[in-house]
Amino acid sequence: MRFKSFLLALAMSFFACAGWAQDLVVYHIDNAATQGLKGLRNLRNHMDADPEAKIIVVTHAEGVDMLMEGAKAPDGTEFAPLVSALRARGVRFEICEITLKNRKLSKDQFIQEADFTPSGVVRLAKLQQQGYAYIKP
């Protein structure tokens, strides 16, 4: 009987610890026109299914366009309210500073919910090294 109790306690401990594990995910967006709305929809669904996930969205090249003030998808949908709602749920949005330099953009052209990273591709690589799952919508 003691052995059964021990196994039950061990199993309960295992499942309790498994519940503490937080999924780490990085979404990669490099084209707002083709990936923007699809990516934001994926992110919303992801957070609905796993509200504890830690998600970072890394944008570079034309992907940064979705985080610009007044940015809209090809169908006219504004990106900012969707990004703001996801940010409120803990999703982090990052913009590549190399892209800003190459495209002669300034940080003040972007919504306040956006953060900046020196290099989008370096950030993607480092996050994957840290155990983040990679998703490109």
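**A buried phenylalanine, an aromatic pair and a five-stranded sheet**

With a relative accessibility of 5%, F110 counts as buried. That value, like the rest of what follows, comes from a predicted model. F116 is a different case: its relative accessibility is 25%, so F116 counts as partly exposed, given that buried means under 20% and exposed means over 50%. The two residues are worth taking together, since the count of aromatic pairs comes to 1. In that pair, the ring centres of F110 and F116 are 6.1 Å apart and the planes meet at 85°, so the arrangement is edge-to-face; the cut-off for that label is over 60 degrees. The ring of F116 has a further partner in K107, whose charged end sits over the ring at 4.9 Å from its centre.

Stepping back to the whole chain, the secondary structure adds up to 5 helices and 5 strands. Going along the sequence, these follow the pattern α-β-α-β-α-β-α-β-α-β. The chain has 137 residues, and 36% of them are buried. Its accessible surface comes to about 8,100 Å², with carbon and sulfur atoms supplying 57% of that area. As for contacts, take those in the chain with a separation of 6 or more: residues 24 or more positions apart account for 72% of them.

Now for the sheet. It is open, has 5 strands in the order 4-3-2-1-5, and its pairing is parallel. The edges are taken by strand 4 (114–117) and strand 5 (133–135), each of which pairs on one side only. On average, neighbouring strands of this sheet are turned by 30° against each other, direction ignored. Strand 1, residues 24–31, and strand 2, residues 54–62, are joined by 7 bridges in the parallel sense. Within this pairing, L24 stands opposite K54 of strand 2.

Two of the helices can be placed against these strands. Helix 2, residues 32–49, lies across strand 1, strand 2, strand 3 (92–96) and strand 5, and runs at about 160° to strand 1. Helix 5, residues 120–129, also packs on the sheet, where it touches strand 1, strand 2, strand 3, strand 4 and strand 5. The direction of helix 5 makes about 155° with that of strand 2.

Y27 gives a residue-level look at strand 1, the strand in which it lies. The relative accessibility of Y27 is 3%, so this tyrosine counts as buried. Setting aside residues up to four places away in sequence, Y27 touches N42, L43, H46, I55, I56, V57, V58, I135 and P137. One of these contacts, L43, is 16 residues from Y27 in sequence, while the C-alpha atoms of the two are 8.4 Å apart in space.

A second buried position turns up in helix 4, residues 97–103, which holds T99. At 7% relative accessibility, T99 falls under the 20% limit and therefore counts as buried. Not counting neighbours within four places in sequence, the contacts of T99 are H60, A61 and V64.

Notes:
Residues are numbered from 1 along each chain as its sequence is written. This is a predicted model: local features need pLDDT of at least 70, side-chain atom pairs count only at pLDDT 80 or more; totals for chains, interfaces and linings use all residues. Side-chain values use heavy atoms; hydrogens and water are left out. Two strands pair if DSSP finds at least two bridges between them. Helices (H or I, at least four residues) and strands (E, at least two) are DSSP runs, numbered from the N terminus. Axes are lines fitted to C-alpha atoms, for helices over the stretch in contact, and angles run from 0 to 180 degrees between N-to-C directions. Contact means heavy atoms within 4.5 Å. Buried means under 20% relative accessible area, exposed over 50%, partly exposed in between (1.4 Å probe, protein chains only). Accessible areas come from the Shrake-Rupley method with a 1.4 Å probe; for residues, only the protein chains shown count as cover. Rings of Phe, Tyr and Trp (its six-membered ring) pair if their centres lie within 6.5 Å; planes under 30 degrees apart count as stacked, over 60 as edge-to-face and the rest as tilted. A charge sits over a ring if NZ of Lys or CZ of Arg is within 6 Å of the ring centre and within 35 degrees of the ring normal.
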